[in-house]
Amino acid sequence: MSRPQKLYVKSYGCQMNVYDSRRMADTLAPLGFVETATADDADLVILNTCNIREKAADKVYSELGRIRALKENAASDGRCVVVAVAGCVAQAEGKEILRRAPAVDIVVGPQSYHRLPDLLARAARGRVVDTEFPIEDKFDHLAAPTRAATRARGLSTFVTVQEGCDKFCAFCVVPYTRGAEGSRPAAKIVAEIERLTDAGVREITLVGQNVNAYHGDGPDGLPWTLGRLLYRVAQVPGIARLRYTTSHPCDMDDSLIAAHRDLPSLMPHLHLPVQSGSDRILAAMNRRHTRADYLHVIDTLRAIRPDIAFSSDFIVGFPGESEDDFLASFNLIDEIGYASAYSFKYSPRPGTPAAELPQLPDEVTSERLSRLLYAIDRQQAVYNARCRGLALDVLFEKQGKLPGQLVGRSPYLQPVQVMAPPELIGEIHKVTITDLGTYSLFGTLARAAIRTPELAATGV
Ligand code: SAH
Ligand code: SF4
Ligand code: F3S
């Protein structure tokens, strides 16, 4: 290749897309592609899309409109820009994207990324679509990052261990866009993590659409649970912190709960989406658990790890949700005392069972969403306020916005900003929390712990 080609990858949606975007960049690097921060000077633009809600999917088409203008400008300068749509919109809409977006050259589904070099060659002869679920495992064919690329991506990174979902919640497109649940073999995950820590990564988040349904082959020939995998990964030299996301309440098995008791590197923070606090709605959503089941998981984890912090996702305005159902979600928040939570307006997704049901008026859903958001914000503020005066372990990740400032995260995933020397990047130090921002904490380097963190949620 005469000159390096520039690659711009934009990731939407979940952490799995972030991980995939990196692996696509790694796979294209041997072809001479170097990543660039904007689409303006790129020779290849990849939009790694999300289809979870209508708004997420719409964003792709508005971005493609902008990219079309950019591509036309480049063409008038004699420069050719190739545009690829990857991810869950690519999987769900396939050829339809070519019809709606004339700028697109390649449509590639999440299971076919390893074929990108071939798709690029084919795109030189005409537009291509690959949304198959191939037999071969893409992870065996995607290139590993170089040490330099790993270091440039920071101290904390995601590793996909499981993909797809067999749960079929009535609102969700993921089982259709990512396909059936599949787990990577434990040995391959461990080898990948060893490479990452060897290049300086200190924190690993194991990711999967349904990560605690992990059941990959272990080196002993038996299927391993996520708990078993965490015990093994915790032994990798250089690992300071471990996390995993996103979990389903039904798959919190004993080995995973025990890992929270036994592994000091497993951080006391868990994103455990519940979606609704109403048993009637949970059943209609096909969540396969009740409110009491969910509370039982939370209680069990708190019993063995009293400072564990929880976050969750809530959907408001699911078809048939009454005011009482909504209030059940509202008061579940109070009952649990989350460190943070996300809430979404229900969005009917084509092909999912709930999209066929009579929908609630938008005014009702919007009004409920604003009440829930208010409750969540208030609870997050209370949670953060309880951290004032505590000495928390902070893993310093990078320089902050102000000169002399570093940014890191607490065990509970809160961003913490501290005046500290840059040589502390990559290290964990106690920080005394002195002030609270809207979403982050401010602190000073502590010489010694002032008091032990005891953030056992007591409700608000
Ligand atoms: N696998 C995870 C989450 C997947 S999607 C789990 O089981 O919880 C991330 C979040 O998007 C979900 O937790 C849900 O709150 C939200 N979501 C999914 N489909 C949605 C839809 N159709 N409308 C609104 N929110 C949705
Ligand atoms: Fe979607 Fe439910 Fe699967 Fe989560 S568990 S990915 S919400 S179908
Ligand atoms: Fe979105 Fe697909 Fe992830 S729909 S949330 S990018 S699995």
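Why does ligand 3 lie between domain 1 and domain 2? In this predicted model, domain 1 (5-130) and domain 2 (144-385) both give residues to the shell around ligand 3, so ligand 3 lies between them.

The chain is divided into domain 1 (5-130), domain 2 (144-385) and domain 3 (391-458). Taken over C-alpha atoms, the centres of domain 1 and domain 3 are 37 Å apart.

The shell around ligand 3 can be read along the chain. The residues around this ligand are Cys-14, Asn-17, Thr-49, Cys-50, Asn-51, Ile-52, Cys-88, Val-174, Arg-178 and Gln-209. By class, five of the shell residues are nonpolar, four are polar and one is charged.

Gln-209 leads on to ligand 1, as it is listed around ligand 3 and is also among the closest residues to ligand 1. In total, 15 residues surround ligand 1, and the closest are Phe-171, Gln-209, Gln-275, Asp-313 and Ser-347. The shell around ligand 1 has six nonpolar, four polar and five charged residues.

Several polar atoms of the protein face this ligand. A backbone N or O atom of Gln-209 lies 2.5 Å from a nitrogen atom of ligand 1. Gln-275 places a polar side-chain atom 2.6 Å from an oxygen atom of the ligand, and for Arg-53 a polar side-chain atom lies 3.0 Å from an oxygen atom of ligand 1. Taken alone, ligand 1 exposes 540 Å², and the protein buries 89% of that. The elements that give two or more residues to the shell around ligand 1 are β13 (309-316) and β14 (340-345).

Note on methods: Residues numbered from 1 in each chain as written. Chains lettered and ligands numbered in written order. Predicted model: local features only at pLDDT ≥ 70, side-chain atom pairs only at ≥ 80, totals over all residues. Heavy atoms only, no water. Near = heavy atom within 4 Å. Polar contact = N/O pair within 3.5 Å; in protein donor to acceptor, adjacent residues only side chain to side chain. Areas by Shrake-Rupley, 256 points an atom, 1.4 Å probe, with all protein chains shown as cover. Helix = DSSP H or I, 4+ residues; strand = E, 2+ residues; numbered from the N terminus. Nonpolar A, V, L, I, M, F, W, Y, C, P; charged D, E, K, R; others polar. Domains from an automatic or database assignment.
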